[in-house]
Amino acid sequence: MTDQERADLIRKLLVRLSFVPLFIIVFTLLPAGTLNYWEVYVYFGILIIPMLFVFIYFLGKDPRFLERRSRGAEKVKEQKLIQLINLPVFIAAFIIPGLDKRFGWSDIPVEVIIITDIVILLGYLIIFIVFRENSYASRIIEIDKEQKVISTGLYSIIRHPMYLGVLIMYLPTPLALGSYWGLIPMGLLPVALVFRILNEEKVLSEKLEGYKDYCRKTKYRLIPYIW
């Protein structure tokens, strides 16, 4: 990667990172109608600090991985549809905790919120481990020319360990934001991931050499002994 490519990548990723606080301000703080919302600031730190660490780590170790992760537009028609349907549900899972804060619908103990933040951090740790294991763990469904099947590490246990990390990271998010009611829309995340995984495996089986054999050897997609 040339110096110019690296500089362009850094700018692109910093712009993308800037959307995290903007998203939280628009979809959680504004509905809450107050800045006195400590749960948001702790959650924001849980998100941003690991993201910055990953950014710095892979910028030195594997900048091409970051370049692949920066691609955001899905190419597969089914994935575009899944993304389109899931987006408003995902947004609702952040708006509802804000409204919950404003109207006082939930009363979650501080200890539960802190424990939830730790669980979310562990979910991101799983994602980081997957990133180190699989340089082709893209944000979108695509096959690179040099891509190979990864069957080591967590991939030897389940086929989609990154999505397991995503579930652990995002499913309890409303609790971290102090809301029970926000769990209702977020509860649809596993459903969206199931459809995404099934379509992704169809694409990989057709286009990635050795993936069908990998599926035969590694039975479980997301949760060992369950699915």
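The exercises below, each with a worked solution, concern cavities, pockets, salt bridges and a surface patch in a predicted model.

**Exercise 1. The enclosed space**

Determine how many cavities of 30 Å³ or more the model holds, and describe the lining of the largest cavity by residue, by helix and by class.

Solution. Begin with the count, which comes to 1 cavity of 30 Å³ or more; the space in the largest cavity amounts to about 340 Å³. Next, consider the residues around this space: 22 residues line the largest cavity, and those that lie nearest its centre are Asn134, Gln147, Tyr155, Glu200 and Leu204. Then assign the lining to helices, where at least two residues each are supplied by helix H6 (161–170), helix H9 (189–207) and helix H10 (211–217), with the largest share, 3 residues, coming from H6. Finally, sort the lining by class, which gives 14 nonpolar, 4 polar and 4 charged residues.

**Exercise 2. A salt bridge between two helices**

Find the residue with which Arg64 forms a salt bridge, and explain which parts of the chain the pair ties together.

Solution. The partner of Arg64 is Glu5, and the closest N and O atoms of this salt bridge are 3.4 Å apart. Placing both residues in their elements, one finds Arg64 in helix H3 (residues 63–69) and Glu5 in helix H1 (residues 3–32), so the salt bridge ties together parts that are 59 residues apart in sequence. For the surroundings of the pair, compare each residue with the limits of 20% and 50% relative accessible area, between which a residue is partly exposed. Arg64, with a relative accessible area of 37%, is partly exposed, and Glu5 likewise counts as partly exposed, at 36% relative accessibility. This pair belongs to a model in which the count of salt bridges comes to 6.

**Exercise 3. A network around Glu201**

Work out which residues are joined into one network by salt bridges that share partners, taking the pairs one at a time.

Solution. Start with Arg159 and Glu201, whose side chains meet in a salt bridge at 3.0 Å, N to O. Arg159 lies in the loop between helix H5 (110–133) and H6, while Glu201 lies in helix H9, so this pair ties together parts that are 42 residues apart in sequence. Both Arg159 and Glu201 are buried. Continue with the second pair, in which the side chains of Glu201 and Arg221 meet in a salt bridge at 2.8 Å, N to O. Here Glu201 in helix H9 is paired with Arg221 in the segment after H10, so the parts tied together are 20 residues apart in sequence. The accessibilities can now be set side by side: Glu201 has a relative accessible area of 7% and is buried, whereas Arg221, with 22%, is partly exposed. The last step is to combine the pairs, and the shared partners join Arg159, Glu201 and Arg221 into one network.

**Exercise 4. The nonpolar patch**

Identify the residues of the nonpolar patch on the surface, and state which helix gives the most to the patch.

Solution. The members of the patch are Leu35, Trp38, Tyr41, Val42, Val110, Ile114, Ile118, Leu122, Leu125 and Ile129, which together have about 890 Å² of accessible area. Turning to the elements, helix H2 (38–61) and H5 each supply at least two residues of the nonpolar patch, and H5 gives the most, with 6 residues. Ile118 may serve as an example, since this residue lies in helix H5 and counts as partly exposed at 49% relative accessibility.

**Exercise 5. Two pockets**

Describe the largest pocket and the second largest pocket by volume, lining and class of residue.

Solution. Take the largest pocket first: its space is about 1,600 Å³. Its lining has 40 residues, of which Arg16, Arg69, Phe90, Arg139 and Tyr170 are the closest to its centre. At least two lining residues come from each of H1, H2, H3, helix H4 (77–103), H5, H6 and H9, and the classes are 29 nonpolar, 6 polar and 5 charged residues.

Proceed to the second largest pocket, which has a volume of about 210 Å³ and a lining that includes Glu78, Asn86, Leu188 and Phe195. The elements giving two or more residues to this lining are H4 and H9, and the largest share, 6 residues, comes from H4. By class, the lining of the second largest pocket divides into 8 nonpolar, 1 polar and 1 charged.

How values were computed
Residues are numbered from 1 along each chain as its sequence is written. This is a predicted model: local features need pLDDT of at least 70, side-chain atom pairs count only at pLDDT 80 or more; totals for chains, interfaces and linings use all residues. Side-chain values use heavy atoms; hydrogens and water are left out. On a 1 Å grid over the protein atoms alone, a cavity is a set of points where a 1.4 Å probe fits but cannot get out, and a pocket is an open set with protein on both sides within 12 Å along at least five of seven lines; lining residues have an atom within 4 Å of a point. Grid points are joined across faces, edges and corners, and a volume is the space filled by probe spheres set on the points. Helices (H or I, at least four residues) and strands (E, at least two) are DSSP runs, numbered from the N terminus. Ala, Val, Leu, Ile, Met, Phe, Trp, Tyr, Cys and Pro count as nonpolar, Asp, Glu, Lys and Arg as charged, and the others, Gly among them, as polar. A salt bridge is a side-chain nitrogen of Lys or Arg within 4 Å of a carboxyl oxygen of Asp or Glu. Buried means under 20% relative accessible area, exposed over 50%, partly exposed in between (1.4 Å probe, protein chains only). Patches are made of residues with over 30% relative accessible area and no salt bridge: like charges are joined within 9 Å, nonpolar side chains (Val, Leu, Ile, Met, Phe, Trp, Tyr) within 5 Å. Accessible areas come from the Shrake-Rupley method with a 1.4 Å probe; for residues, only the protein chains shown count as cover.
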